[in-house]
Amino acid sequence: EHIANQIAAGEVVERPASVVKELVENAIDAGATSIEVQAEEGGLSLIRVIDNGFGIEPDDCEAAFYRHATSKLLQGRDLFQIRSLGFRGEALPSIAAVAKVRLVTANSELGLGRAIEIEGGNLKLNEEIAAPRGTDITVKELFYNTPARLKYMKTIQTELGHISDVMYRQALSHPEISFTFRHNGNTLLQSQGGGDLLQVIAAIYGINTSKGMVAIEAENLDYRITGYIGRPELTRSNRSGISTIVNGRYIRNQGLQQAILRAYHTLLPINRYPLLVLMLDMHPSLVDVNVHPAKLEVRFSKEPELNSFVEESIRSVLSEQVL
Ligand code: ADP
Ligand code: MG
């Protein structure tokens with residue numbers, strides 16, 4: 001069991017950003033409307049995720065750290081859950097195998113919850129505690145017992161960059177949730193929640209979105225496209241300003257990326273890239289998320305149709321701006 005968790009940890013917990021990703025996804029799955037993430041030293045000394053979700057039942061807390069203890073069933077609502085199939089019920093045990101973890105959670109408004117502490121896979125504490133509804137999980141000294149893994153970590157700045165990417169992607173994918181992200185006490189992201197995507201874009205890119213961003217809206221029988229594209233004067237010098245979100249999940253797809261750039265570069269200089277947040281909604285049967293469970297890549301079943309629809313939609317919004 002111990003060994004299995006450390007092996008699984010190598011796959012699930014590659015670096016601090018993977019811990020943040022797994023914990024934030026758990027908070028989202030728990031229906032949180034507010035998620036606060038704190039990190040110190042690039043997440044290597046501390047990662048803390050506080051949510052106001054439905055919490056964990058006291059009797060289930062310890063079991064949540066056992067392998068394959070998942071409370072989640074595949075739901076038609078979100079077939080993207082398949083993504084985590086390989087990791088189902090593996091995140092918490094994997095993280096707890098390579099760090100010092102404290103979990104405080106309550107599943108009612110009664111003010112009573114449970115605290116659990118696990119170090120390197122060993123249970124240290126399991127007791128009743130006063131706690132508000134929701135979950136507060138702290139991960140300290142990541143990889144403290146796997147020095148070989150620790151040696152692979154890059155600078156604090158690099159690890160922080162990866163965590164920031166995770167936070168930006170989650171905030172863009174879930175404008176309905178309020179996200180706060182602090183590193184070494186500095187607030188690096190604060191989104192308000194309530195579904196205001198423009199506010200999230202403003203919070204991340206620090207721009208005047210009401211002037212700078214133009215709405216995209218298009219729909220056919222298979223696809224619905226919404227989102228925002230920066231006015232041509234807000235072009236960027238690299239591709240990192242392009243975010244594609246499918247059915248509420250941040251994804252990457254080569255063909256889609258190329259369709260976007262084709263549309264953009266028929267009207268704008270080839271060395272410039274858009275600031276773009278593209279939300280695509282489609283029937284789950286039109287996306288295949290099983291390309292790689294840990295990665296962002298997906299495949300589309302009607303790829304040429306999707307790509308030309310995206311290309312046309314972006315070109316038509318842009319041509320109004322350029323003319
Ligand atoms: P998975 O998310 O694949 O189910 P995890 O190891 O990430 O596996 O979590 C194990 C279980 O612990 C979850 O199924 C869920 O029941 C519970 N859990 C973890 N984090 C939270 C949270 N923030 N709020 C509520 N329940 C949680
Ligand atoms: Mg999980």
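Which residues of α9 are buried? The legends below treat a predicted model, and the first view takes up this helix.

**View 1. Helix α9 lies across two strands, β9 and β10.**
The buried residues of α9 are Leu306, Asn307, Val310, Ser313, Ile314 and Leu318. They cover an arc of only 135° around the axis, which puts them on the same side of α9. The other side of the helix carries exposed residues: Pro304, Ser316, Ser319 and Glu320. Packing partners of the buried set are β9, β10, α8 (254-265) and β15 (299-300). The helix covers residues 303-322 and runs at about 40° to β10 (223-230). Its length can be checked against its residue count. At 1.5 Å a residue, the 20 residues of α9 should span 28 Å, and the end C-alpha atoms are 28 Å apart, which agrees.

**View 2. Five strands make an open sheet of mixed pairing.**
The strand order is β9-β10-β13-β11-β12. β9 (213-219) and β12 (249-251) are the edge strands, and each pairs on one side only. Neighbouring strands of this sheet are turned by 20° against each other on average, direction ignored. Within the sheet, β11 (residues 242-246) pairs with β13 (residues 276-282) in the parallel sense. Five bridges hold this pairing. To locate it, start from valine 246: its bridge partner in β13 is leucine 280.

**View 3. Asparagine 247 sits in the loop between β11 and β12.**
Asparagine 247 is not a glycine, yet its phi is positive, at about 50°. Is asparagine 247 buried or exposed? Asparagine 247 has 20 C-beta neighbours inside 10 Å, so it counts as buried.

**View 4. Eight strands make a second open sheet, also of mixed pairing.**
Here the order is β5-β4-β3-β6-β2-β1-β7-β8. The edge strands are β5 (122-130) and β8 (186-190), each pairing on one side only. The average turn between neighbouring strands of this sheet is 10°, direction ignored. At one edge, β4 (residues 112-119) runs antiparallel to β5. Eight bridges join these two strands. One pair to look for is arginine 114 with its bridge partner in β5, glutamate 128.

**View 5. Strands β7 and β8 form a hairpin with two residues between them.**
The two strands run antiparallel and are joined by four bridges. Threonine 180 has glutamine 190 as its bridge partner in β8. In this hairpin, asparagine 184 takes a positive phi near 45°. Helix α5 (residues 156-173) lies across β1 (34-40), β7 (178-183) and β8. The helix runs at about 170° to β7.

**View 6. Phenylalanine 143 lies in the loop between β6 and α4.**
The loop is flanked by β6 (134-140) and α4 (147-151). Phi of phenylalanine 143 is near 65°, a positive value in a residue other than glycine. How many C-beta neighbours does phenylalanine 143 have inside 10 Å? The count is 19, so phenylalanine 143 is classed as partly exposed. A residue counts as buried if 20 or more other C-beta atoms lie within 10 Å of its own.

**View 7. Ligand 1 is surrounded by 21 residues.**
The closest are Asn26, Ala30, Thr70, Ser71 and Ala91. α2 (16-29) and α3 (91-97) each supply at least two residues of the shell. Which helix gives the most to the shell around ligand 1? That is α2, with three residues.

**View 8. Helix α2 is largely enclosed by the rest of the structure.**
Eleven of the 14 residues of α2 are buried, so the helix is largely enclosed. The buried residues run from Pro16, Ala17, Ser18, Val19 and Val20 through Lys21, Glu22, Leu23 and Val24 to Asn26 and Ala27. Among them, Asn26 is also one of the closest residues to ligand 1. From its first C-alpha to its last, α2 reaches 20 Å, close to the 20 Å expected at 1.5 Å a residue. Just after the helix comes glycine 31, with a positive phi of about 75°.

Terms used:
Residues numbered from 1 in each chain as written. Chains lettered and ligands numbered in written order. Predicted model: local features only at pLDDT ≥ 70, side-chain atom pairs only at ≥ 80, totals over all residues. Pairing = 2+ DSSP bridges. Axes fitted to C-alpha atoms, helices over the stretch in contact; angles between N-to-C directions. Contact = placed C-beta atoms within 7 Å. Expected span 1.5 Å × (residues − 1). Buried ≥ 20, exposed ≤ 12 C-beta atoms within 10 Å, placed from the backbone. Arc of directions from axis to C-beta. Near = placed C-beta within 6 Å.
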